[in-house]
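Please open the model in your viewer and keep the selection panel at hand. The stops below move from the whole chain to a helix pair and then to the cysteines.

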Amino acid sequence: MNRKPSLQHNRCAWASVVAFSAFSTLWLGGCSSFTASNYNAEGVRMLAANRTEDALNCFEKAKQADPNSPDAYYNCGVVYHQRAISTGQEQDFQMAKYCYDLCLERQPNHVECNRSRATLLCDIGQDDEAFRMIEEWMDRQPNSAEPRIELARLYDEHKQLDRARDCLNDAVALDNRNTRAYTALGSVRERMGDSESALTAYEHALALNPYQPDVQNRVASLRYSTPQPSARPISPNQENRVDPSGKEMLATQPDAETRRK
């Protein structure tokens with residue numbers, strides 16, 4: 001059964017790029033010394049270059065190098081998920097879900113995997129299940145802003161902007177240095193017609209990280225009353241880069257703390 005992508009026009013507002021900044025500087029040793037982290041990093045680079053099969057091969061090798069690596073399973077899921085969106089093939093959706101589940105078995109609070117699995121559930125029409133899993137994640141981590149940001153994203157995609165705003169207000173109350181939460185809050189408030197509050201949220205985001213051209217543009221538009229027929233959701237992300245494919249699930253490399261464990 002073929003499926004069409006759902007709600008992709010809004011998802012650029014919630015993209016989170018966590019790995020691509022290392023592409024140009026990453027040093028990779030000889031093949032014999034490759035670890036799961038090396039294979040994951042190489043696979044991310046291959047995926048960014050649209051070498052999908054090579055990327056999947058690297059991620060499979062990462063799994064062989066470390067069967068307990070959550071990132072390796074997540075990255076495999078990303079490949080199948082992106083392929084499913086392109087082809088609409090049921091098998092690719094199911095393989096993506098299987099890989100995401102294996103990742104979450106190893107690391108239940110893996111931020112990117114929880115986000116991408118919820119996206120996939122919406123893609124295959126299981127919206128209620130997507131809400132349930134994010135709410136369970138929020139129950140597991142009541143002091144984390146991340147589940148609330150993702151719950152807000154789901155409400156946003158389902159045109160429930162009031163609830164999205166409330167979730168994001170809770171997120172910034174928990175973490176007042178979360179750039180992504182403030183940027184998303186500005187986007188939601190702007191589309192609700194609350195320009196003053198949107199400007200305040202955007203300015204908070206820029207104070208935390210000024211290198212966000214899309215946010216700078218929105219601030220300039222609101223500050224100087226540039227006519228805008230409608231506010232297009234902007235692209236908050238942890239590394240301040242927009243996903244060039246227009247999708248939100250992106251392969252990730254283990255961070256320094258994970259590699260030390």
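**Whole chain**

Colour the protein by secondary structure, and you should find 13 helices and zero strands, where helices (H or I, at least four residues) and strands (E, at least two) are DSSP runs numbered from the N terminus. This is a predicted model, in which local features need pLDDT of at least 70 and side-chain atom pairs count only at pLDDT 80 or more, while totals for chains, interfaces and linings use all residues. Residues are numbered from 1 along each chain as its sequence is written, and side-chain values use heavy atoms, with hydrogens and water left out. Of the 261 residues, 53% count as buried, meaning under 20% relative accessible area with a 1.4 Å probe and protein chains only.

**Helices H7 and H8**

Next select residues 127-140 (H7) and 146-157 (H8), which pack at an angle of about 160 degrees with their axes 8 Å apart; axes are lines fitted to C-alpha atoms over the stretch in contact, and angles run from 0 to 180 degrees between N-to-C directions. The two helices are therefore roughly antiparallel, a term for angles over 145 degrees. Show side chains in contact (heavy atoms within 4.5 Å): those of H7 include Phe-131 and Trp-137, and those of H8 include Leu-151 and Tyr-155.

**Cysteines**

Finally, select Cys-103, which is buried at 0% relative accessibility. Its sulfur lies 3.6 Å from the closest cysteine sulfur, in Cys-113, too far for a bond, and the structure holds zero disulfides, a disulfide being a pair of cysteine sulfur atoms within 2.5 Å. Cys-58, at 9% relative accessibility, also counts as buried.

How values were computed. Buried < 20%, exposed > 50% of the residue type's maximum accessible area, 1.4 Å probe, protein only. Parallel < 35°, antiparallel > 145°, perpendicular 65-115°, else oblique.
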